[in-house]
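Welcome to this short tour, and please keep your viewer open beside the text. At each stop you will get something to select and a few words on what is there.

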Amino acid sequence: MTDLWILAPALGAGCLLGAIFYGGLWWTVQKGISSAHPALWFFASFWLRLGIALAGFYVVANGDWKRMLACLAGFIIARFAVALLTRERVHAH
């Protein structure tokens, strides 16, 4: 039971990292398709999002594979949440 309390913050951090990564991707697509320089948007966004995600995983895991796995689970959960939220937003317009 103690492991759950230790892993819960890692799961939450993974959700936050995933929301930043996938929400940032959605935002980049929205800005990039109407930009005069879409390649710059996508290139810069990719490296920024990747850097944030990798640094976040490194800090959250702190050398523990269980925390890394919990963070990854949160990251994946956020992927589905962002997909669901953006799908509803696209269909609303």
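**Starting in a loop**

Begin by selecting Asn62, which you will find in the loop between helix 2 and helix 3. Helices here are DSSP runs of H or I with at least four residues, strands are runs of E with at least two, and both are numbered from the N terminus. Look at the backbone of Asn62: its phi is positive, about 50 degrees, although this residue is not a glycine. Asn62 counts as exposed because its relative accessibility is 63%. For that label the relative accessible area has to be over 50%; buried means under 20%, and partly exposed lies in between (1.4 Å probe, protein chains only).

**A word on the model**

What you see is a predicted model, in which local features need pLDDT of at least 70 and side-chain atom pairs count only at pLDDT 80 or more, while totals for chains, interfaces and linings use all residues. Residues are numbered from 1 along each chain as its sequence is written, and side-chain values use heavy atoms, with hydrogens and water left out.

Try colouring by pLDDT, the predictor's confidence in each residue on a scale from 0 to 100. The chain has a mean of 92, and 91% of its residues reach 70 or more. Helix 2 has the highest mean among the elements, 97, and helix 3 the lowest, 89. Where pLDDT is low, the predicted coordinates should not be read in detail.

**The whole chain**

Now zoom out and show the cartoon. You should find three helices and zero strands, in the order α-α-α from the N terminus. Along the principal axes, the C-alpha atoms fill a box of roughly 50 × 30 × 10 Å. Of the 93 residues, 25% are buried.

Switch on the surface next. The accessible area is about 6,600 Å², and carbon and sulfur atoms hold 75% of it; such areas come from the Shrake-Rupley method with a 1.4 Å probe, and for residues only the protein chains shown count as cover.

Contacts, meaning heavy atoms within 4.5 Å, are worth a look too. Of those between residues at least 6 apart in sequence, 70% join residues at least 24 apart.

**Into the core**

Which residues make up the largest nonpolar core? Select Ala10, Leu17, Phe21, Ala53, Phe57, Val60, Ala70, Cys71 and Phe75, nine residues in all. Helix 1 (2–32), helix 2 (38–61) and helix 3 (65–92) are the elements that give two or more residues to this core. The term stands for a set of buried Ala, Val, Leu, Ile, Met, Phe, Trp, Tyr and Cys residues joined through side-chain atoms within 4.5 Å.

Stay with Phe75, which is buried at 11% relative accessibility. Leaving aside residues up to four places away in sequence, Phe75 touches Gly14, Cys15, Leu17, Gly18, Phe21, Tyr22, Ala53 and Phe57.

**Rings in pairs**

Next, show the aromatic side chains. Rings of Phe, Tyr and Trp (its six-membered ring) pair if their centres lie within 6.5 Å; planes under 30 degrees apart count as stacked, over 60 as edge-to-face and the rest as tilted. By this rule there are seven aromatic pairs. One of them is Phe43 with Trp47: the centres are 6.4 Å apart and the planes at 70 degrees, so this pair is edge-to-face. Both residues lie in helix 2, four residues apart, about one turn of the helix. Phe43 is exposed at 56% relative accessible area, and Trp47 is partly exposed at 48%.

Move on to Phe57 and Phe75, whose ring centres are 5.4 Å apart with planes at 65 degrees, so they too are edge-to-face. This pair links distant parts of the chain, with Phe57 in helix 2 and Phe75 in helix 3, 18 residues apart. Phe57 is buried at 12% relative accessibility. Add Phe21 and Tyr22 to your selection: ring pairs link them with Phe57 and Phe75 into a cluster.

**Charges over rings**

For the last stop, select Arg49 in helix 2. Is Arg49 buried or exposed? At 9% relative accessibility, it counts as buried. The charged end of Arg49 sits over the ring of Phe21, 4.5 Å from the centre; this label needs NZ of Lys or CZ of Arg within 6 Å of the ring centre and within 35 degrees of the ring normal. Arg49 also touches Ile20, Gly24 and Leu25, among others. Finally, select Arg79, which lies over the face of Phe80 at 5.3 Å from the ring centre.
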